[in-house]
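Okay, everyone, thanks for coming. I'd like to spend a few minutes on the empty spaces in this protein, so let's put it up on the screen.

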Amino acid sequence: MSAGLLTVSPSPHIHSELTVPQIMRAVIIAMVPAFLLAIYNFGLGAVYLTALSVFFCVAIEYLIARYLLNKSASIYDGSAVITGVLLAFNVPSNLPWYIILIGSMVSIGIGKMSFGGLGNNPFNPALVGRVFLLLSFPVQMTSWPIAKATLSLDAITSATPLGIFKEGLRAGESVQALMTKMPSYADFFFGTQSGSLGEMSTFALLIGLAYMLYKKIITWHIPVSMLVTVFVITGIFWLIDPSKYATPLFHILTGGVMLGAVFMATDYVTSPFTHRGMLIFGFGIGLLTVLIRLFGSYPEGVSFAILIMNAVVPFINRFAKEPRYGAKRAKDKELETVMH
C-alpha cells in the first residue's frame with residue numbers, strides 16, 4: 001500500500017459528508033437565538049462586545065498562524081469565530097474593550113494555538129480565556145448589567161441570582177427568604193435576569209440544542225448526562241434540607257449550566273470519543289459544578305468543572321474506548337490455545 005493513501009491527523013475525526021467549516025457554521029446558527037435574546041436584553045452592548053470578541057479572536061489566530069507558526073492561516077474553518085462568540089457569551093455585556101482583547105489573546109494564543117491549533121488543544125479555548133479574565137479582573141467580570149436596562153455600555157449592574165443566593169446564605173438568610181428576591185422561574189427560562197451575555201435564556205439555548213441534535217452535529221449524551229447529574233444531586237441536597245439548599249430547577253435554570261451543557265462541554269476536540277465516555281464526562285462536569293456551587297467560594301462552577309474534565313478526557317478515552325475490531329475473536333483463540 002502506498003504511504004500516500006494513509007492520512008494521520010488530529011481530531012475532530014468526521015466520518016460523514018460534513019466538513020469542519022460546515023459544522024462550525026451549524027454551531028454558529030445554533031447560537032443565533034441566544035444572541036438575539038442578548039440583544040433584546042442588553043441592546044448595543046451585546047452587539048459591540050460580540051463583534052469585538054470575534055474580530056480579536058480571528059485577527060489573533062491569523063497573526064499567530066501566519067507570523068509565529070509560519071503556516072497558512074486557519075481562520076477560514078470558522079473555529080476562531082466560534083471561540084469569539086463563546087468568549088462573549090461567557091462575560092458581562094459591559095466589559096471594557098481591552099479586557100476582551102486580553103481574553104481573546106489568552107483564548108486563542110494560549111488555549112488554542114500554543115498547542116498547534118484546531119484539533120490539538122486539550123482545553124476549551126473560550127473557557128481558558130473566561131477563567132483567566134475571572135481571576136485577573138474579578139470586579140469587572142462580576143459586574144452584571146441588569147437585563148433590559150442598557151442600550152449602551154453605561155449600564156446599571158447587579159449580582160446574578162447565584163451570587164445573591166450565595167451571599168444570602170453566608171449572611172444566614174433562609175432559602176425561602178432568598179427566593180422572594182429572585183425572578184420567577186419563567187423569567188429564568190426566557191431570560192430576563194442578570195448574567196453573562198449568552199447564558200440568560202434557557203429557552204434560547206434549548207432551541208440551539210434542538211437544532212444541533214437535528215443536524216446531528218452533537219449527540220444527546222453530554223448535555224443530558226450533565227443536566228441530569230446536576231438535577232439529581234441538587235435534588236438530593238434539597239430534599240435533605242430545603243431551608244439551606246435551592247431546588248434542582250433553580251440550579252438548572254440559573255448561571256451557565258445550560259450554556260455549558262449545550263455549547264461548551266460538547267466541543268469535539270475537548271470531549272471524549274465514545275458515547276460511554278461522553279456519559280462519564282457529562283456526569284463529572286455535573287458533579288463538579290454542584291460541588292463548587294454548594295461548597296466552593298465561587299457561586300458558579302461550570303467553567304471550572306468543564307476545564308477540569310477536559311484534563312481527564314485522555315483517561316476517559318482510554319477507559320471507555322471501544323474494543324478493537326477482531327479483539328474478542330483473538331482473545332477467544334488465545335483462551336482456546338491455553339485450554340488445549
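So, the lining of the second largest pocket: by class, that's 14 nonpolar residues, 13 polar and three charged. Keep in mind that this is a predicted model. The pocket's volume comes out at about 420 Å³, and 30 residues line it. If you want to find its centre on the screen, look for R130, W144, T160, P299 and E300, which are the lining residues nearest to it.

Which elements give two or more residues to that lining? Those are α5, α7, which covers 161–170, α13 at 257–264, and α15 at 302–319. The top contributor is α15, with four residues. And in terms of domains, at least three lining residues come from domain 1, that's 20–140, and at least three from domain 2, which is 159–185 plus 217–319.

Now for the closed spaces. Rolling a probe the size of a water molecule over the atoms is how you see where empty space remains. How many cavities of 30 Å³ or more does the structure hold? Just one. Its volume is about 350 Å³. There are 22 residues lining this cavity, and M24, I82, L86, D267 and Y268 are the ones closest to the centre.

Here the elements with two or more lining residues are α1, running 20–42, α3 at 79–89, and α5 at 125–136. You'll remember α5 from the pocket, where it also gives two or more residues. This time α3 gives the most, with four residues.

What about the chemistry of the cavity wall? We get 15 nonpolar residues, five polar and two charged. One of the residues close to the centre is D267, and Asp goes in the charged class. Domain 1 and domain 2 each put at least three residues into this lining too.

Okay, let me zoom out to the whole chain. It has 340 residues, and 49% of them count as buried. In secondary structure, we're looking at 16 helices and two strands. Take the contacts with a separation of 6 or more: 73% of them are between residues 24 or more positions apart. On the outside, the chain exposes about 16,800 Å², with carbon and sulfur atoms supplying 68% of that.

So, to come back to where I started: a pocket of about 420 Å³ and a cavity of about 350 Å³, with domain 1 and domain 2 both contributing to the pocket lining and to the cavity lining. That's it from me, thanks.

Terms used. Residues numbered from 1 in each chain as written. Predicted model: local features only at pLDDT ≥ 70, side-chain atom pairs only at ≥ 80, totals over all residues. Heavy atoms only, no water. Buried < 20%, exposed > 50% of the residue type's maximum accessible area, 1.4 Å probe, protein only. Contact = heavy atoms within 4.5 Å. Areas by Shrake-Rupley, 256 points an atom, 1.4 Å probe, with all protein chains shown as cover. 1 Å grid on protein atoms, 1.4 Å probe; cavity = no way out; pocket = protein on both sides within 12 Å on 5 of 7 lines; lining within 4 Å. Points joined across faces, edges and corners; volume = space filled by probe spheres on them. Domains from an automatic or database assignment.
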